[in-house]
Amino acid sequence: MNCVGIDISKGKSMIAVMRPFGEVVVSPFEVLHTDSELSKLARLLKSLDGETRVVMESTGNYHAPVAWLLHDAGLYVSVVNAMLVHDYGNNSLRRAKTDKKDAVKLANYGLDHWLTLPRYVPEEDTRLMLKSCYRQYQQYSKVRTMLKNNLISLLDTAFPDANRLFTSPPRADGSEKWVDFVAAFWHCECVCGLSEKAFTAKYQKWCKKHGYNFSEDKALDIYASACGHFGVMPKTDTAKLLVEQAISQLRATSAALAALKQEMQSLAASLPEYPVVMEMFGVGPALGPQLMAEIGDVRRFPRRSSIVGFAGVDPGVDESGKHSAKSVPTTKRGSPHLRKTLYQIICTYLKKSPADEPVYQFLDKKRAEGKPYFVYMTAAQNKFLRIYYARVKECLEAFDTEPAKQS
């Protein structure tokens, strides 16, 4: 049997082919991530005598083209967690690290775990795009928070507390009322420089133009708030430019987030498990696609404990001799993005307190036992994931057998 260790890096990889007892089949060599060189590599590996398996680490997006092409060529490809390989077989006091040594290490790891190597299966296009959309959504969310804080900081010197004048939720296109308002009234003098009657009339025209409901009482509250503050930043063209640029960037990011959210909804709705997921308590239009994006196809997990371990919400174990710890932190070795989504879902359980929901009953039981906050929250996430796994797997298996029944 031949085990191919591939040490992945950006744009190129180091290849080593090993057999049992340290036999080197092919000395380590470098391959660029081009179609011609990867195709040439696939032909070389398929020409080897005996069964051949390829092992590589999961390295963000760098490993994807190599794994996909070799899998498409008919080779057995296994993509393993980098932490498993990192902790494997450093039987040396020297701390030498090179691409060649890492490739040989991966090949030896594959030989030692030959029977348990998980086979790489490329994601469906829809699931892949859903996950990519969600990762971009997360990045844009961080940028929007930064830009919003930047705008509020600017307004603190030009129109203090302008962001607190309205409590309207964002619209479907991502626009917010307070942002639209400060785009027109960017300095407190833009309001208090007018008479109360003149501002009320101007505010009414602004509401009609942007499609907001007009209230005379609200206009008077805004006028009183503006007159009760003063701007440290002078009302100049430069100050106006700074506020306008901050608003422009925030609007563009909010619009991008709204478009991504809509696309995630569309992609998630095309998956067979979408109705089952959306029926689960605590899962709404925002968290549902996020949950489906991070978990992917549940059939890739052989058992319920596997998906719990993937999320990193499984309890750890600390035993040695007579020592046995009663409270051990969770492993947190899995996806932090999935843990964040699960935490948000369980927070919904806490706020709504649905007495007939099994997850809440389990959470409330742990809380009544005196467990700390993070203990019963993590236990509830574990319970929710197990229910999710059972329901969604049953749905997908029924979906797979449906065409056969019809024919």
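Angles between helix axes count as roughly parallel under 35 degrees, roughly antiparallel over 145, roughly perpendicular from 65 to 115, and oblique for the rest. Keep that in mind as we walk through this structure, which is a predicted model.

Let's start with α6 and α8. Helix α6 covers residues 177-184, and helix α8 covers residues 196-210. Their axes come within 12 Å and cross at roughly 125°. That angle falls in none of the named ranges, so α6 and α8 are oblique to each other. As for handedness, α6 passes α8 in a right-handed crossing. On the α6 side, the residues that meet α8 are Lys177, Asp180, Phe181 and Ala184. On the α8 side, their partners are Phe199, Tyr203 and Trp206. Sorted by type, the residues of this contact come out as five nonpolar, no polar and two charged.

While we're in α8, have a look at Lys202, which lies in this helix. Is Lys202 buried, exposed or partly exposed? Its relative accessibility is 43%, so Lys202 counts as partly exposed. Setting aside neighbours within four places in sequence, Lys202 is in contact with Phe185 and Leu194. You can also check its C-alpha against that of Ala219: the two residues are 17 apart along the chain, and the atoms are separated by 9.6 Å.

Now for another helix pair, α5 (residues 125-158) and α10 (residues 237-269). How do these two run relative to each other? Their axes come within 8 Å and cross at roughly 155°. With the cut-off at 145 degrees, α5 and α10 are therefore roughly antiparallel. The crossing of α5 and α10 is left-handed. The residues of their contact divide into 22 nonpolar, seven polar and four charged.

Finally, on to α14, which spans residues 336-352. Just ahead of this helix, in the loop between β7 (323-324) and α14, sits Ser335. Ser335 has 9% relative accessibility, so this residue counts as buried. Not counting residues up to four places away in sequence, Ser335 touches Glu294, Phe310 and Ala311. The helix itself has 17 residues and reaches 25 Å from its first C-alpha to its last, close to the 24 Å expected at 1.5 Å a residue. Which residues of α14 are buried? They are Leu338, Arg339, Thr341, Leu342, Ile345, Ile346, Cys347 and Tyr349. After α14 comes Ser353, with a positive phi near 50°.

Note on methods: Residues numbered from 1 in each chain as written. Predicted model: local features only at pLDDT ≥ 70, side-chain atom pairs only at ≥ 80, totals over all residues. Heavy atoms only, no water. Axes fitted to C-alpha atoms, helices over the stretch in contact; angles between N-to-C directions. Helix = DSSP H or I, 4+ residues; strand = E, 2+ residues; numbered from the N terminus. Left-handed = near helix turned anticlockwise from the far one by under 90°. Nonpolar A, V, L, I, M, F, W, Y, C, P; charged D, E, K, R; others polar. Expected span 1.5 Å × (residues − 1). Buried < 20%, exposed > 50% of the residue type's maximum accessible area, 1.4 Å probe, protein only. Contact = heavy atoms within 4.5 Å.
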